[in-house]
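Please look over the structure shown below. The paragraphs after it take up a helix and then a sheet.

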There are 2 protein chains.
Amino acid sequence: MATNAREPTSPRAGDGADKLLLKLRLRDGIDAEEEQALRDIIRPPERMAARSVVVREGVPLERSALLVQGILGRSKDMRDGQRQISEIHIPGDFADLHSFTLKRLDQDVIALTECWISWVPHSALQDITERLPHLGRMLWLSTNLDGALHRAWTVSLGRRDALARIAHLLCEMQVRLSVVDMADERSYALPLTQSDLAECVGLTSVHVNRVLRELREQGLVTFRSGRVTIHDIDRLRRVAEFSTDYLFLDKRAR
Amino acid sequence: MATNAREPTSPRAGDGADKLLLKLRLRDGIDAEEEQALRDIIRPPERMAARSVVVREGVPLERSALLVQGILGRSKDMRDGQRQISEIHIPGDFADLHSFTLKRLDQDVIALTECWISWVPHSALQDITERLPHLGRMLWLSTNLDGALHRAWTVSLGRRDALARIAHLLCEMQVRLSVVDMADERSYALPLTQSDLAECVGLTSVHVNRVLRELREQGLVTFRSGRVTIHDIDRLRRVAEFSTDYLFLDKRAR
DNA sequence: CGTCCGGTTGAGAAGCCTCAACCACCGTGG
DNA sequence: CCACGGTGGTTGAGGCTTCTCAACCGGACG
């Protein structure tokens, strides 16, 4: 069942769990029983087309989406056709774990690229909160990490200019992707369009284009054909006023 | 013990719990055992001076702050002296419940007015996750509601102009304060300065001043001497593109 | 080979910021 | 009692960042 999907890009069933465990174990120990419980509730990944709506705002939900491959965004459409993305999700992220308690979403989850998603039933999560409270707290932690990202984005949108805002986003993605072995200090794949970036940082794609040129010409970063190449990570972080503190990369009893 | 504080503004010990319970019971039932467990872990409120830092970013924490009276903000200082507030807290809110899993904060919690705070030890919260998993999920829900506010603010900062942004904030506060019986449809107390507002919506206080005049002259809202008077809530909400959906005001099994 | 999507660039407009002055109110101290 | 200083609010003028509109380019794909 798990290995039924035969397309070349199709991920293995355990990939999502592996990356989720990398993310959780960076913050606290997960023992064998907890790991097994987690693996047991993760269904085989399903493919979602690029640009499709994975979870629609407002719909009653009984499962959450663990992203195995691809990039998801949480997105809000405005009356006038503009949209704002409030978080970018990478493999190993639950895109809507908060729906476990909220029971519906306040924003759409959309596939920014082709994605593979493992669904996790809320009933299984409830079971975890009752049988394995520490693992339950680690899942709670996971939604609180999302909250920390949200706050950092709020600060960016409220107080950084366009250059620092984009620089900050590219710094954030570098660290988060590193955690799941998808980036190093020099470069990483980020298969988004400039319009996608614009919807993350609250600018127009035209202005994002100009700012990306500026970042390139200043020898900081290059974003081109879905890849980020960092020329000077120290200067980039200084320009962005970036610190890893809000990403909670330290291991502690939780 | 609980009634020791004698100043006229000093709240009773149970006030914080009462408002927290109003907030939680709006979303799901809390039975007598859960209510008692919650009341048992809430310490008598302590007074914090206006403009003081209640919880400092980065400091290891073993307790969370339940706001009983006053207004708190989550605030990030920038290098250049600017700051951004990412959430406003009202009585009945935990200002840093996320520190239960994160163990420190990514932003300061500051008192925007004189505040009374009840501290709740993390050990007691851990106990709840182990003994009363449903109540634990309700606390998890509470941090997820914060997340929904964060996302709404991100959308505001990214895609609304100054007028709509301030209108949206005033709409949000009206609903949230109503939940804890501190607002009606026409008016509510909001003892903030125009600079505080500016730090919430990512503008300067000068521009906030001009926009408040515009809101007043359009017959939408008046914000004056710490009080918001809503002249036309329907038009105000339309201008703000405000919907209560993201506040999750519905009762459901969670 | 045409079409579409994403990216690039220019020119002018709009929204918000900066700087500065001034006012009203309130608590404090002489 | 009044003078004073501090804080918060108000208004004007000019500047800068970002937006809007528009044109054009290049590559992928049918």
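The residues of α8(B) that are buried (under 20% relative accessible area with a 1.4 Å probe, protein chains only) are V208(B), V211(B), L212(B) and L215(B). Seen down the axis of α8(B), these buried residues fall within an arc of 105 degrees, taken from the directions from the helix axis to the C-beta atoms, so they line one face of the helix. Their cover includes α6 (162-179), α7 (194-201), β9 (221-224) and α9 (233-240) of chain B.

This is a predicted model, in which local features need pLDDT of at least 70 and side-chain atom pairs count only at pLDDT 80 or more, while totals for chains, interfaces and linings use all residues. Residues are numbered from 1 along each chain as its sequence is written, chains are lettered from A and ligands numbered from 1 in the order in which they are written, and side-chain values use heavy atoms, with hydrogens and water left out.

Helices (H or I, at least four residues) and strands (E, at least two) are DSSP runs, numbered from the N terminus. Helix α8 of chain B covers residues 205-217. Its 13 residues should span 18 Å at 1.5 Å a residue (times one less than the number of residues), and the end C-alpha atoms are 18 Å apart, which agrees. Just after α8(B), G219(B) has a positive phi of about 70 degrees.

In chain A, three strands form an open antiparallel sheet in the order β8-β10-β9, where strands pair if DSSP finds at least two bridges between them. The edge strands are β8 (187-189) and β9 (221-224) of chain A, each pairing on one side only. Three bridges join β8(A) to β10 (residues 227-230) of chain A, and Y188(A) has V228(A) as its bridge partner in β10(A).

Note on methods: Buried < 20%, exposed > 50% of the residue type's maximum accessible area, 1.4 Å probe, protein only. Contact = heavy atoms within 4.5 Å.
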